[in-house]
Amino acid sequence: MCIIATLDPNQFGHWLLVILQVAFSLGFVIFVHELGHFAVARLCGVKCEKFMVGFDVGGLKISHKWGETEYGIGIVPFGGYVKMLGQDDNPANIAEQVRESQVAGSAIETKEYTGPDGKTYSIDRRSYLAKSVPQRMAIISAGVIMNVIFAFIFATVAYKIGVPYNPSVASGTAPGSPAWRAGLQPGDEIIQVGEIVKPSYDELRGSVMLGDLKNGLKFVIDRDGERIAKTLTPEQGTGLARVGITPPSSLELVAAMPVAEGSPAAKAQPPLMGGDFITKVDGTPVESYSEFATLATQGLDKALSLTVRRKALLDQSKPNGLHKGHKEVVVEVAARPLRSLGLVMQMGKVTAVQENSPAAKAQIKPGDYIDRISDASERAATGDALTDPLTIPEDLRRMAADSRDVKIQLRPASSDADGRQPPTEAIVPLRKARWIEEPIASNDPVSVPALGLAYRVLNVIKRVEPGSVAAKAGLEADDVITAAQIVLPESTKVKLEDATIEFGSDQSNEGSNWPHLMTWLQRLPEGTQVKLSYLRGKEAKTTAAMAPEAVEGYYAFDRGLTFDWIRETRVADSWSQAWQYGRQETIRSLGMVYRFLNKLGAGQVPLTALGGPVTIAKGAGFSAFEGLGKLLVFLTMLSANLAVINFLPIPLLDGGHMVFLLWEGLRGRPASERFVVALHTVGFVFIITLMLFVLSLDFGLIPRNL
């Protein structure tokens, strides 16, 4: 489930410019590819009858003929072609190609050609078939070579202009993930992943997605000037492999949607605005998101006083309409009470333990079950157990602030099915938790920073709070939640991509879980309701719509502030350095495509990670919004994709033509028509099936589940 933002009508002009940039850029990449074929064909003396960007289906095109070649733009924009005399993209049409070349050869100088049947034909010397196998190989490979050359040109120019990127600074880690277990902290910067030095966040994600799931990836982390080397092994569930590092949040609010509708931040006075940059929290200067999170965590139950640096607005009274400089504004953002349905769920097993944490020192292990947690310090008024697995992290955070210890009763993972092995008890000193770790993925466990462990929360009800909305809806202990439907208030402008959450089975890594639902409910507008589907025994039931209610004494971390990502720019100081950056970017892009295809074949990358023309256009559009440098780097990647994929040994693609030419060079004549038709049919079915599949992904007919 995700929130969909709507387009600001005031940005229509900007959007139109971006669309034109994308259309021109994608068309230029196709033009470059076909230009390679065209230029080498002309150099080899081949008559080129057409040069088309796009396909002129049904003869629909804009074209003009200069000399012997018709140049044009076809109505279908996905591709292009060069039509040479005696050449057909379908190798099965060899007989037709020979006949075409013979007709032309009746009036012009001819050349002997051996057909697939072993017979000798007299064909036009300027036809494609009349050229030697090495010449035809050069013509076919020229498109791919031009894509590689221009990928390098795009990248070089991009880095001379300046390429915006998001640095690999962790704003947090996903509970239980490899990065979480290794003890990465908010504010840590990844300065090397694998062989990439100073990777962008996109490069980090790509390296992890295609990383070694057995031996892991080398990470070098900068923490306040200290370099820490770690080896993190990506983990793969149903989607892409990940290590659990969250994106690099800045202190600047997003321009389009700085605050979430209905949140305390949306009600703040004076109002917060897009582009506001937080400089102080309760009068304390902050320089990073991690510092902001630390201060915000310490005052969950209080209003936050935020000092923001605001860009000066347009001043219509000024002759030039501008008012230079910035101004500081102090904004009060109220606390956000935690909302609940009144359900206490059953706690599952411990799924992960952080390195060097209190839990690790107490020898708590993944697979153990926590039966009871209570205050073990001398100042404890009672020995009452903490029972709600969703509020235990906050309870222990508060206890840690008072330097208290806890008594944990464990049932080890080695217990038999009847639990006959006696539970063990451990007195564990808590560590001060400087931030809150919320679930990120739909099935993340719950993290307890004060202990350094994460545990599963089951979708099974342990207790229903008396008088709560859940009690009024008739829910009971031992009911199993199977799904939840979010019902937004009619007045809201918020839109959800999917308002129904399907729960996975207990302890599994598939589907959503209860912590995911409750985390989302905190962020949705007031008035949001939820309908729960559940099983009571074998009977399936559904509740009426329930509105979550505030829980006394507990507060959410998220107050509705929407932070932009950190952005930096990588600019070459000279053309020589730009050449170095461009070469590295091109090699990395080519290698990334090859590794992607390799991992796709091995099953590490799911087929739903593929994208079609709509995905490509969206990617180009997002890049264009960030500037010409970013768009050129995207075109570098696109050109690398086109080069590698087009050279795969699949009929209809340039690589397929190269295979047939190699066969002809070895035998001295083309492959038999029956053999070519059989392979071509297989290739045609594969290409059409692939196109239908990626278009279904593009239009959401097949869920990606990444």
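**Strands, salt bridges and a surface patch in a predicted model**

Biologist: In this predicted model, over how many bridges do strand β25 and strand β28 pair?
Modeller: Strand β25 covers residues 480-487 and strand β28 covers residues 529-536, and the two pair in the antiparallel sense. Within this pairing, Ala-483 stands opposite Ser-533 in β28. The number of bridges between β25 and β28 is seven.

Biologist: Strand β28 also pairs with strand β29, so to speak of the turn, which residue in the turn of their hairpin has a positive phi?
Modeller: Strand β29, residues 539-542, pairs with β28 in the antiparallel sense over four bridges, and Tyr-534 stands opposite Lys-541 in β29. The two strands form a hairpin with two residues between them. The residue in the turn with a positive phi, of about 70 degrees, is Gly-537.

Biologist: Which strands are the edge strands of the open sheet of four strands?
Modeller: The order of this open sheet is β3-β4-β2-β5, and its pairing is mixed. An edge strand here pairs on one side only, and this holds for the strand at residues 61-66 and for the strand at residues 76-84. Neighbouring strands of the sheet are turned by 10 degrees against each other on average, with direction ignored. The edge strands are β3 and β5.

Biologist: Which residue of β5 does Val-53 stand opposite?
Modeller: Strands of a sheet pair through backbone hydrogen bonds, either parallel or antiparallel. Strand β2, residues 48-55, and β5 pair in the antiparallel sense over six bridges. The residue in β5 that stands opposite Val-53 is Gly-80.

Biologist: How far apart are the closest N and O atoms of Asp-56 and Lys-61?
Modeller: Side chains of opposite charge can pair when their charged atoms come close. A salt bridge requires the side-chain nitrogen to lie within 4 Å of a carboxyl oxygen, and Asp-56 forms one with Lys-61. The distance between their closest N and O atoms is 3.8 Å.

Biologist: Is Asp-56 buried or exposed?
Modeller: The partner, Lys-61, counts as partly exposed because its relative accessibility is 32%. For Asp-56 the relative accessibility is 13%, and the cut-off for the class asked about is under 20%. Asp-56 therefore counts as buried.

Biologist: How many residues apart are Glu-664 and Arg-136?
Modeller: Glu-664 forms a salt bridge with Arg-136, with the closest N and O atoms 2.7 Å apart. This pair links distant parts of the chain, since Glu-664 is in helix α14 (residues 654-667) and Arg-136 is in helix α3 (residues 133-161). Both Glu-664 and Arg-136 are buried. Their separation along the chain is 528 residues.

Biologist: How many salt bridges does a search of the whole structure find?
Modeller: One example is the salt bridge of Arg-463 with Glu-465, whose closest N and O atoms are 2.8 Å apart. Arg-463 is partly exposed with a relative accessible area of 29%, and Glu-465 is partly exposed with 30%. Elsewhere, salt bridges that share partners join Lys-50, Asp-56, Lys-61 and Glu-70 into one network. The search of the whole structure finds a total of 30.

Biologist: What is the area of the nonpolar surface patch that includes Phe-684?
Modeller: Phe-684 lies in helix α15, residues 673-698, and is partly exposed because its relative accessible area is 43%. The patch is made by Phe-684 together with Leu-652, Val-685, Ile-688 and Leu-692. Its area is about 430 Å².

Key. Residues numbered from 1 in each chain as written. Predicted model: local features only at pLDDT ≥ 70, side-chain atom pairs only at ≥ 80, totals over all residues. Heavy atoms only, no water. Pairing = 2+ DSSP bridges. Buried < 20%, exposed > 50% of the residue type's maximum accessible area, 1.4 Å probe, protein only. Patch = residues over 30% accessible without salt bridge, like charges linked within 9 Å, V, L, I, M, F, W, Y side chains within 5 Å. Areas by Shrake-Rupley, 256 points an atom, 1.4 Å probe, with all protein chains shown as cover. Axes fitted to C-alpha atoms, helices over the stretch in contact; angles between N-to-C directions.
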